[in-house]
Amino acid sequence: MAAIKVFAVDIDGTLTENGGGAIHLAALAKLRYLERLGYNVVYVTGRSSIEAYVLAVFGGTTRIAVGENGGAITIAPQEHKLLASREKCMEGYEVLKKSIDGVQIKPVFPRMTEVVLLRTFDLKEGQKILEEHNLPLYLSDSKYAFHINEKGVDKGYGLAEALKMLKADPEETVAIGDSETDVPMYGICGCSIALGHAEESVKKKADHVVAGSEGAGLAEAIDYVAFNYLGVKKAQ
């Protein structure tokens, strides 16, 4: 692959230790060290881009954050680039709410381009209903919530826009994640790594799979790149 310039990293289930959202500090320390070496570390998440931006500020990584599964990019506290319309996603939510029992919005940080739902219904049934109503939307499962996004807007799309801001190429980027929502990043990046707890369908689409899970898996993924692509030598 081309010389690496950027690490695109998912947050939940990748940088976190558990479903509660606690950051794996050893993995964060490695990301911060990469930043100090001159690499960009960009969070690409299903969370709000503002949450990811705040994490970047306090964690010492690149202050560009892709959130809402690619729909929003935050580059300053009051500066956001929106790549989709929340109004369209709300239309889909209203249709699902009328058609399926138990469809509920999940209490999360405010969204600018998507709708986040509790995982309380059948995802395939929901997608079928959206298609029957000719809505240009899709449902995805981040394992922490269901998301309604515009078709064509995903983590790969949002990351590509962020890379333009950094004047970097997808081929110069390593993508690290654990869920189906991370697969669009795998498709555009020069190197992709899935964590050990990812579903088999996700692992099959990655260039490499580490044994570790969650934050420990991210730390292992960073070491793999360092030893195989960055010229770091293993201790004897």
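Setting aside neighbours within four places in sequence, His-24 touches Leu-15, Thr-16, Glu-17, Gly-215 and Ala-216. That is a handy way into this structure, which is a predicted model. From His-24 we can move on to Asp-10, which sits in the loop between β1 (6-9) and α1 (25-36), and then to the largest pocket, with about 290 Å³ of space.

**His-24**
- His-24 is placed in the loop between β1 and α1.
- Its relative accessibility is 17%, and because buried means under 20%, His-24 counts as buried.
- Along the chain, His-24 and Glu-171 are 147 residues apart, and their C-alpha atoms are separated by 27 Å.

**Asp-10**
- UniProt, in an unreviewed entry, lists Asp-10 under "active site".
- Asp-10 counts as buried because its relative accessibility is 4%.
- Beyond neighbours within four places in sequence, Asp-10 is in contact with Leu-15, Val-44, Thr-45, Lys-155, Ile-176, Gly-177, Asp-178 and Asp-182.
- With Lys-155 there is also a polar contact, side chain to side chain, at 3.0 Å.
- Leu-15 appears in the contacts of Asp-10 and also in those of His-24.

**The largest pocket**
- The space in the largest pocket comes to about 290 Å³, and 21 residues line this pocket.
- Closest to the pocket centre are Asp-12, Arg-47, Lys-106, Arg-111 and Tyr-144.
- Sorted by class, the lining holds eight polar, seven charged and six nonpolar residues.

Note on methods: Residues numbered from 1 in each chain as written. Predicted model: local features only at pLDDT ≥ 70, side-chain atom pairs only at ≥ 80, totals over all residues. Heavy atoms only, no water. UniProt positions renumbered as here; feature names shortened; annotations may be inferred. Helix = DSSP H or I, 4+ residues; strand = E, 2+ residues; numbered from the N terminus. Buried < 20%, exposed > 50% of the residue type's maximum accessible area, 1.4 Å probe, protein only. Contact = heavy atoms within 4.5 Å. Polar contact = N/O pair within 3.5 Å; in protein donor to acceptor, adjacent residues only side chain to side chain. 1 Å grid on protein atoms, 1.4 Å probe; cavity = no way out; pocket = protein on both sides within 12 Å on 5 of 7 lines; lining within 4 Å. Points joined across faces, edges and corners; volume = space filled by probe spheres on them. Nonpolar A, V, L, I, M, F, W, Y, C, P; charged D, E, K, R; others polar.
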